[in-house]
Amino acid sequence: MSTLQGPAPLTATSATTTQRDPRGRGTRASRKAAQPVDGRKVKRSGLLTAVMVVFVVYSFAPLFYLLVNSTKTQASLLSTFGLWFGGDFHLWQNIVDTLTYNDGIFVQWLGNTLLYVVVGAGGATLLATVAGYGMAKFQFPGRRAVFAIVLGAIAVPGTALAVPTFLLFSQVGLANTPWAIILPSLISPFGMYLIWTYAVEAIPTELIEAARMDGAGEFRIFFTIALKLLAPGVVTVLLFAVVATWNNYFLPLIMLSDPKWYPLTVGLNQWNAQATGSGAEPIYNLVVTGSLLTIIPIVVAFLFLQRFWQSGLAAGSVKA
């Protein structure tokens, strides 16, 4: 006697075959959906492109102005179009005149600026790194109060503290000395906050605990483990500190009265002021050439440090 048998159960393969469009639409749709997102055609916006072009032109126009006008003499600088070359090419002669004018005072200003940057910005980066790491990885009483003080210090502009700082340094006899520029530059609340927030994610707590279990001290952990993981954040803070110290103008203007301690910013402004008043001696071509020479170290610093400016590879590498 034959037994009635129902239809065979659908397997995963047969179900997929049954549901698939006979004309292959499902297959093409599946392949299309499986394509990586990076393979999609990127939409372009003419408006955004135009805005970016405007920003690029706006950013590079001052640099182009400096480069063009550094090739001109004093007479051609005032008689030709500012955004194009004119007359003979005097760039090398302008550089020589800038470096030798007034017994080479420009070279001395450059040395002063380098001193303020190396000691001030370098010290600010070191202090911010140590303090930010300690705030991120150590628990101690008053931690929230320190956090509030740091945020409050970030909100206070540096120009508001210039006059009180001058009065304080005058009382202790440090005005008109390099210390009047270096000591205020050592404090960087924003750099400390940046390292603090970066260290929370970049340095796994489990990694520090493992190093402690292996017998490593806190200083060894910081210099051999933490500092390497904090390298991108340290470079970022260093760049901010270098640019801020290199372009510092208001504080040296108040603190210093002796031209031999001027940084480049104040010194070039003094040259520019020679064109006014009785016995005016305009040297605009040297001011422009000196400004061009001033930005070269900053550009070199960015090009040299940009390879370190990347996300920490070890952040999140320890499995929770």
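What packs over the buried residues of helix H14 includes H5, H12, helix H13 (250-255) and helix H15 (284-305). Helix H14 itself spans residues 264-273, and its buried residues are Leu 264, Thr 265, Val 266, Gly 267, Leu 268 and Trp 271. Buried here means under 20% relative accessible area, exposed means over 50%, and partly exposed is in between (1.4 Å probe, protein chains only). Cover is judged by contact, meaning heavy atoms within 4.5 Å.

A quick word on the model: it is predicted, so local features need pLDDT of at least 70 and side-chain atom pairs count only at pLDDT 80 or more, while totals for chains, interfaces and linings use all residues. Residues are numbered from 1 along each chain as its sequence is written, and side-chain values use heavy atoms, with hydrogens and water left out.

Now the whole chain. It has 15 helices and zero strands; these are DSSP runs numbered from the N terminus (helices: H or I, at least four residues; strands: E, at least two). Of its 320 residues, 31% count as buried. Look at contacts with a separation of 6 or more, and 71% of them come from residues 24 or more positions apart. About 20,500 Å² is exposed, with carbon and sulfur atoms supplying 67% of that; areas come from the Shrake-Rupley method with a 1.4 Å probe, and for residues only the protein chains shown count as cover.

Helix H11 (residues 218-229) buries Ile 221, Phe 222, Ala 226 and Leu 229. They cover an arc of only 95 degrees around the axis, which puts them on the same side of H11; the arc is that of the directions from the helix axis to the C-beta atoms. On the face turned away from that buried side sit the exposed residues Phe 219, Arg 220 and Lys 228. Here are the helices included in the cover over the buried side of H11:

| Covering helix | Residues |
|---|---|
| H5 | 91-137 |
| H9 | 189-202 |
| H10 | 205-213 |
| H12 | 231-246 |

Over in helix H3 (residues 46-69) you'll find Asn 69. Asn 69 is buried, with a relative accessible area of 1%. Its side chain reaches the backbone oxygen of Tyr 65 at 2.7 Å. Leaving aside neighbours within four places in sequence, Asn 69 is in contact with Leu 77, Gly 82 and Val 288.

Phe 64 is in H3 too, but this one is partly exposed, with a relative accessible area of 33%.

Terms used
A polar contact is a pair of N or O atoms within 3.5 Å; within protein, one must be able to donate a hydrogen and the other to accept it, and residues adjacent in sequence count only if both atoms are side-chain atoms.
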